[in-house]
Amino acid sequence: MALPPVLRDRLRLPVIGSPLFIISTPDLVIAQCKAGIVGSFPALNARPASLLDEWLHRITEELAAWDRDHPDAPAAPFAVNHIVHKTNDRLEHDLEASTRWKAPIVITSLGAREDVNAAVHSYGGVVLHDIINDRFARKAIEKGADGLIPVAAGAGGHAGTLSPFALIHGLREWFQGPIALSGSIGDGAAVLAAQAMGADLAYVGSAFIATREANADPAYKQMIVDSTGEDIVYTNLFTGVHGNYLRPSIENAGLDPDNLPTSDASAMNFGSGGNSKAKAWRDIWGCGQGIGAVKEIPAAAELVARLAAEYESAMAALESKYALTHARVALAAE
């Protein structure tokens, strides 16, 4: 599918590092961009709100300096994530800051607004909106989003229930713009698989939690290394929105992962813990089902290099299989 230049010309690998609440800070974003993938962060991670301007200044200046020093390997663009839900009383302030700094990509979540999209388009930015079903996707595009981030079953944090195959297929029946697939993508082969099923890019989050630049508790990082997809629990208890979390972190909070009550979705509150005293994401750690591929805690650049090597290997294996199949068909036809 056709991608805008900002998502086509400066990527080493077709990957967006997803914005991770608390965890994504300039250190991780800059490392991701220098390594050749889109680095992103939630605007709400900058606390107090005045810190956001400093973050955007630092990211913009350091990536520009990198480009001057590395003309043959320029940095990938960065993205800012805005929560558009009515509970976010910082949206106007944060959007003004990201617009002033002309963030190349803006990721919007939990609501779609024409005025937000117009602000980003005013300076030539690209808006990607995350969705969990076709209905939300259509609303996002109708209100001016440029692309979609389908959050499929198995994605870390807030996630949907649809298989990525079903979700992508449905979207591609009517939408030919940029799609970045989120859901259980932990290695380079999965990045290629996302493209094979119709996405343009992979949206990778959980694997980057277990990197050295990530602003995560060391125990959180190690828990990811020690866990697999079977250690993920899907619940709406902690924020009012269904999401995937690490079972051991729920147990450490004194809760039974197999007998969790449900939360009142109308009381949506990010990071408050919903109806539970344990707080997401401070105590209850979000994570996706693709963490079985995470075996160590590398630097972000090392993780990107691993993903790239796996991606190329998967591509070569696929081409080899196709060539062998083609040869067999040709031989049988003789």
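Select strand 8 (180-182) and strand 9 (residues 201-204): three bridges join them, and the two run parallel. Strands here are DSSP runs of E with at least two residues, helices are DSSP runs of H or I with at least four, and both are numbered from the N terminus. Two strands count as paired if DSSP finds at least two bridges between them. Click on Leu181; its bridge partner in strand 9 is Ala202.

This is a predicted model, in which local features need pLDDT of at least 70 and side-chain atom pairs count only at pLDDT 80 or more, while totals for chains, interfaces and linings use all residues. Residues are numbered from 1 along each chain as its sequence is written, and side-chain values use heavy atoms, with hydrogens and water left out.

Now add strand 1 (15-17) to the selection. The three strands make an open sheet in the order 1-9-8, with parallel pairing. Strand 1 and strand 8 are its edges, each pairing on one side only. On average, neighbouring strands in this sheet are turned by 30 degrees against each other, direction ignored. Axes are lines fitted to C-alpha atoms, for helices over the stretch in contact, and angles run from 0 to 180 degrees between N-to-C directions.

Move to the other sheet on this tour. Five strands form an open sheet in the order 2-3-4-5-6, again with parallel pairing. Its edge strands are strand 2 (39-42) and strand 6 (147-150), each pairing on one side only. Here the average turn between neighbouring strands is 25 degrees, direction ignored.

Select strand 5 (residues 126-131) together with strand 6: four bridges join this parallel pair. His129 has Leu148 in strand 6 as its bridge partner. Then show helix 6 (residues 164-172), which lies across strand 5 and strand 6 and runs at about 160 degrees to strand 6.

Next come the helix pairs. Two packed helices are described by the angle between their axes and the distance between the axes.

Select helix 2 (residues 51-69) and helix 3 (residues 91-100), whose axes come within 10 Å and cross at roughly 20 degrees. The two helices are therefore roughly parallel to each other, a term for angles under 35 degrees; over 145 counts as roughly antiparallel, 65 to 115 as roughly perpendicular and the rest as oblique. Show side chains: Leu52, Asp53 and Leu56 in helix 2 meet Asp94, Ala97, Ser98 and Arg100 in helix 3, where contact means heavy atoms within 4.5 Å. The residues of this contact divide into three nonpolar, one polar and three charged. Nonpolar covers Ala, Val, Leu, Ile, Met, Phe, Trp, Tyr, Cys and Pro, charged covers Asp, Glu, Lys and Arg, and the others, Gly among them, are polar.

Keep helix 3 and add helix 4 (residues 114-121); their axes come within 9 Å and cross at roughly 20 degrees. Helix 3 and helix 4 are therefore roughly parallel to each other. Leu91, Leu95 and Thr99 of helix 3 make the contact with Val116, Ala119 and Val120 of helix 4. By class, this contact has five nonpolar, one polar and no charged residues.

Go on to Arg247, which lies in helix 10 (residues 247-252). Not counting residues up to four places away in sequence, Arg247 touches Glu230, Asp231, Val233, Pro257 and Asp258.

Finally, zoom out to the whole protein, with its eleven helices and eleven strands. Its C-alpha atoms fill a box of roughly 70 × 50 × 40 Å, taken along the principal axes.
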